[in-house]
Amino acid sequence: MPGTFVIKPLAANVLYDKDLLLGMDAYCKFTIGMHSVQSSIAASEGLHPHWEDVLKLERKHDESYCYLSVKDKDVLTPDDPVGTCKIFLEPIEAKGRLIQWYSLYDGGRLAGEILVDMMYQPDLPQPLHASKI
């Protein structure tokens, strides 16, 4: 069912630091269908980044999952992938809100975990106008 997901990435525990010199600058990208939102960068927080973002992402159709990608922000080179996961939307839609740890994988190996708070707000049906009755 179409609606809006309010997403709060809270914290992560990452197994491999992608930036050994300065500490990892992690951020999250959430994608449902063709729509994406990105968190702020947890600058130099290394293996245990935290975020305070409140992101909103619309589900336009009946997509079954949200794709989550955590990356390390780099300045001179492309951002390094840290880990990814799929967050299935049906349990969140059924409960209205779910706070849960999700395992992150990079190339098939466990890369860490991320704590995400997600809330679902269904689209309200449009009222019928008197002229259309």
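Select Met-34 first: its relative accessible area is 80%, so the residue is exposed. Met-34 sits in the loop that links E2 and E3. From its C-alpha, go to that of Arg-59, which is 25 residues away in sequence and 9.3 Å away in space. Keep in mind throughout that this is a predicted model.

**The whole chain**

Zoom out and colour by secondary structure. One helix and eight strands appear, in the order β-β-β-β-β-β-α-β-β along the sequence. The C-alpha trace extends over about 65 × 30 × 25 Å along its principal axes. Of the 133 residues, 40% are buried. If you display a surface, the accessible area is about 8,000 Å², and carbon and sulfur atoms contribute 58% of that area. For the charges, the chain has 13 positive and 19 negative ones, with mean positions 7 Å apart. A contact map is also useful here: taking contacts between residues at least 6 apart in sequence, 58% join residues at least 24 apart.

**Strand E2 and Thr-31**

Go back from the Met-34 loop into E2, residues 26-32, and select Thr-31. Is Thr-31 buried or exposed? Its relative accessibility is 18%, and the limit for buried is under 20%, so Thr-31 counts as buried. Show side chains and find Ser-36: the side chains of Thr-31 and Ser-36 form a polar contact of 2.7 Å. Beyond four places in sequence, Thr-31 also touches Leu-57, Tyr-65, Cys-66 and Tyr-67, along with Ser-36 itself.

**Across to E5**

Now add E5 to the selection. E2 and E5 are paired antiparallel, with six bridges between them. One position to label is Phe-30, which faces Leu-68 of E5.

Centre on Leu-68, within E5, residues 65-72. How accessible is Leu-68? Its relative accessible area is 0%, so Leu-68 is buried. Select its contacts outside the four nearest places in sequence: they include Cys-28, Lys-29 and Phe-30, then Gly-83, Thr-84, Cys-85 and Ile-87, and finally Ile-114 and Val-116. A distance label between the C-alpha atoms of Leu-68 and Lys-86 should read 6.1 Å, for a sequence separation of 18 residues.

**E5 to E6**

The next strand to add is E6, residues 80-88, which runs antiparallel to E5 and is joined to E5 by eight bridges. To locate the register, pick Ser-69 and its bridge partner Thr-84 in E6. When you show side chains on these strands, recall that in a regular strand the side chains alternate between the two faces of the sheet.

**The E3–E4 loop and Lys-56**

Move to the loop between E3 (35-38) and E4 (55-59), and select Ser-44. Ser-44 is not a glycine, yet its phi is positive, about 55°.

Continue into E4 and stop at Lys-56. With a relative accessible area of 55%, Lys-56 is exposed. Which residues does Lys-56 touch, leaving out those up to four places away in sequence? They are Thr-4, Phe-5, Val-6 and Val-37. The C-alpha atoms of Lys-56 and Val-6 lie 4.6 Å apart, although 50 residues separate them along the chain.

**Phe-5 in E1**

Phe-5, one of the residues touched by Lys-56, belongs to E1, residues 3-14. In contrast to Lys-56, which is exposed, Phe-5 is buried, because its relative accessible area is 0%. Select its contacts beyond four places in sequence by region. Ile-32 is one of them, followed by Leu-55, Lys-56, Leu-57 and Arg-59. Further along the chain come Leu-89 and Ile-92, then Met-118, Met-119 and Tyr-120. As a distance check, the C-alpha atoms of Phe-5 and Gly-33 are 13 Å apart, with their positions 28 residues apart in sequence.

**The E7–E8 hairpin**

Met-118, in contact with Phe-5, leads to the last stop. In E8, Met-118 is the bridge partner of Leu-98. Display E7 (residues 97-106) together with E8 (residues 109-122): the strands run antiparallel and are joined by 10 bridges. Two residues lie between the strands of this hairpin, and Gly-107 has a positive phi near 60° there.

Notes:
Residues are numbered from 1 along each chain as its sequence is written. This is a predicted model: local features need pLDDT of at least 70, side-chain atom pairs count only at pLDDT 80 or more; totals for chains, interfaces and linings use all residues. Side-chain values use heavy atoms; hydrogens and water are left out. Helices (H or I, at least four residues) and strands (E, at least two) are DSSP runs, numbered from the N terminus. Buried means under 20% relative accessible area, exposed over 50%, partly exposed in between (1.4 Å probe, protein chains only). Contact means heavy atoms within 4.5 Å. Accessible areas come from the Shrake-Rupley method with a 1.4 Å probe; for residues, only the protein chains shown count as cover. Lys and Arg count as positive and Asp and Glu as negative; His and the chain ends are not counted. The place of a charge is taken as NZ of Lys, CZ of Arg, CG of Asp or CD of Glu. A polar contact is a pair of N or O atoms within 3.5 Å; within protein, one must be able to donate a hydrogen and the other to accept it, and residues adjacent in sequence count only if both atoms are side-chain atoms. Two strands pair if DSSP finds at least two bridges between them.
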